[in-house]
Amino acid sequence: MSKILKQYKELKEKDASSIYIFRIGIFYNILNEDAKILNEKLGLKITSLSPEIIKCGFPISSLEKYTKKLDNLQLQYKVIDDLPQNSNIVDYSNNIEIKKILKKISEIDMNNTTFQQSFNILLDLQNKIKKIIGG
């Protein structure tokens with residue numbers, strides 16, 4: 001979040017009148033003073049991350065909904081989406097699923113797992129992996 005905070009501060013120095021909406025994974029986040037404005041105008045819930053950072057946000061699927069609301073309120077805003085061009089929600093979601101699979105594997109107690117349980121675990125993992133790779 002420190003990289004985003006630094007970028008936020010730099011952008012605010014250049015144009016303090018705009019609200020900056022940062023894409024972070026599958027969410028858009030709004031920081032500090034901008035978060036306070038959107039909390040007041042749109043009712044977005046504020047979360048405190050540290051003494052110097054507060055945020056609010058919404059899922060990327062809701063961007064159009066919120067930009068329409070901002071347009072209706074005639075608020076200036078800029079969407080900052082610095083994700084690589086080849087990055088998309090499917091890749092991000094697959095990455096999350098892969099991490100869940102790896103976590104499940106790492107938590108297997110090999111000393112207390114029966115052959116039947118092992119088979120069921122492998123079958124479950126195989127099905128999850130097939131969904132990810134499209135097989």
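Reader: How should the surface exposure of Lys68 be classed, and what is its relative accessible area?

Author: Exposure is read from relative accessible area: under 20% is buried, over 50% exposed, and partly exposed lies in between (1.4 Å probe, protein chains only). Lys68 is partly exposed, because its value is 47%. This is a predicted model in which local features need pLDDT of at least 70 and side-chain atom pairs count only at pLDDT 80 or more, while totals for chains, interfaces and linings use all residues. Residues are numbered from 1 along each chain as its sequence is written, and side-chain values use heavy atoms, leaving out hydrogens and water.

Reader: With which residue does Lys68 form a salt bridge?

Author: Side chains of opposite charge can pair when their charged atoms come close. The criterion is a side-chain nitrogen of Lys or Arg within 4 Å of a carboxyl oxygen of Asp or Glu. Lys68 pairs with Glu64, with closest N and O atoms 3.3 Å apart. Both lie in helix α3 (residues 63–72), 4 residues apart, so about one helical turn separates them. Helices (H or I, at least four residues) and strands (E, at least two) are DSSP runs, numbered from the N terminus.

Reader: Which parts of the chain does the salt bridge between Lys78 and Asp15 tie together?

Author: The closest N and O atoms of Lys78 and Asp15 are 3.1 Å apart. Lys78 belongs to strand β5 (residues 77–80) and Asp15 to the loop between α1 and β1, so the pair ties together parts 63 residues apart in sequence. Asp15 counts as buried, at 19% relative accessibility, whereas Lys78 is partly exposed at 37%.
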